[in-house]
Amino acid sequence: MSKQSSKLAARSVALSVGLAISLSGCGLFAPIPAPRGEVQGASVSAGELAQSDVNRVATLAMRDNLDSLYRLLDKLYRRNPAEWKKTATSRDDAIKRVRVAIEARQPWAELQGKHDIAALSLALDPSFQGDRAAAFIYATADIIITAHGGKTTFYLIDGLNAQFLYNAARNLEVASWILGTRRNPAGQLLLLSNDISEGEHNLSFEREFGKIIGRIDLLAVVITEKYRRAGISYVQNLLGGTFLQFLPVR
């Protein structure tokens, strides 16, 4: 074998080794997907035949918002165990009672027949003596459901008011702020929630409220766009019927 051939062979081997190392390095340093789950679609139901796209979005957003409220209630009970002990034998039983009342639209006795922002004001009154965590979550759910026309599932015959939804989102922003700041006459927070201290940084309440507010705001925009786009689509179809027709080629 000539010297030139030997050099070419050596260079080829070196290139192959380098390529193999590069490929193995790419595999070595490639990011490994974190086991954080994946998007889960809801199972198909016959009722969806009577739902528009916006109806479906509103229904799924309501489901997720109520689930967020139940998570908030669990967090509140964990940080304020004295609250669930006022009305139940366990934290799980207390959560179940509130959930049933919300989804069945049953009145919450401790709120004295009040609803919407009036119920929330009572729940956050320093003189309130009942299960404040339950009353707060129930009243918050009542604000959301009231803004959605008193419903949690939506069909073609249902309409939603974008301004009511927008107002509800602003009310929840106020509720979240009051929850983290209002105190009783002794100077203690009415309910322990977010905590930023030397020993703990817990903003999970703020994040969960942010998710709810974001969903409601987005739905308000979608509903506004629905009617705006209906007008635009009408004009597009009108113009398209005149100017966008195919012409014969023979």
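Contact means heavy atoms within 4.5 Å of each other. This is a predicted model, where local features need pLDDT of at least 70, side-chain atom pairs count only at pLDDT 80 or more, and totals for chains, interfaces and linings use all residues. Residues are numbered from 1 along each chain as its sequence is written, and side-chain values use heavy atoms, with hydrogens and water left out.

**Exercise 1. The overall plan**

Find how many helices and strands the chain has, and in what pattern they follow one another.

*Solution.* Start with the rule: helices (H or I, at least four residues) and strands (E, at least two) are DSSP runs, numbered from the N terminus. The chain has 8 helices and 2 strands. Next, walk along the sequence, and the pattern reads α-α-α-α-α-α-α-β-β-α. Finally, look at the contacts with a separation of 6 or more: 66% of them are between residues 24 or more positions apart.

**Exercise 2. The surroundings of Asp 74**

Locate Asp 74 and list what it touches, leaving out residues up to four places away in sequence.

*Solution.* First, place the residue: Asp 74 belongs to helix H2, residues 53–79. Then look for its contacts, and with that exclusion you find Arg 91 and Ile 95. Now take a closer look at Arg 91: its side chain and that of Asp 74 are joined by a polar contact of 3.0 Å. (A polar contact is a pair of N or O atoms within 3.5 Å; within protein, one must be able to donate a hydrogen and the other to accept it, and residues adjacent in sequence count only if both atoms are side-chain atoms.)

**Exercise 3. Salt bridges across the sequence**

Work out which parts of the chain are tied together by the salt bridges of Asp 67, Asp 142 and Asp 217.

*Solution.* A salt bridge is a side-chain nitrogen of Lys or Arg within 4 Å of a carboxyl oxygen of Asp or Glu. The whole structure holds 12 of these.

1. Asp 67 pairs with Arg 99, with the closest N and O atoms 3.9 Å apart. Asp 67 is in helix H2 and Arg 99 in helix H4 (residues 91–103), so this pair links parts 32 residues apart in sequence.
2. Asp 142 meets Arg 105 at 3.1 Å, N to O. Asp 142 sits in helix H6 (residues 132–147) and Arg 105 in the loop between H4 and helix H5 (116–123), so parts 37 residues apart in sequence are tied together.
3. Arg 170 and Asp 217 meet at 2.8 Å, N to O. Here helix H7 (residues 162–181) holds Arg 170 and helix H8 (residues 204–243) holds Asp 217, so the parts joined are 47 residues apart in sequence.

As a last step, look for shared partners: Asp 67, Arg 99 and Glu 103 form one network of salt bridges.

**Exercise 4. Buried or partly exposed?**

Decide whether Asp 142 and Arg 105 are buried or partly exposed.

*Solution.* Buried means under 20% relative accessible area, exposed over 50%, and partly exposed in between (1.4 Å probe, protein chains only). Asp 142 has 1%, which makes it buried. Arg 105, at 37%, is partly exposed. For the chain as a whole, buried residues make up 32% of the 250 residues.

**Exercise 5. One side of H5**

Find which residues of H5 are buried and what they pack against.

*Solution.* The buried residues are Ala 119, Leu 120, Leu 122 and Ala 123. They span an arc of only 160° around the axis, so they lie on the same side of H5. (The arc is that of the directions from the helix axis to the C-beta atoms.) To finish, follow them outward: the buried residues of H5 pack against H6 and H7.
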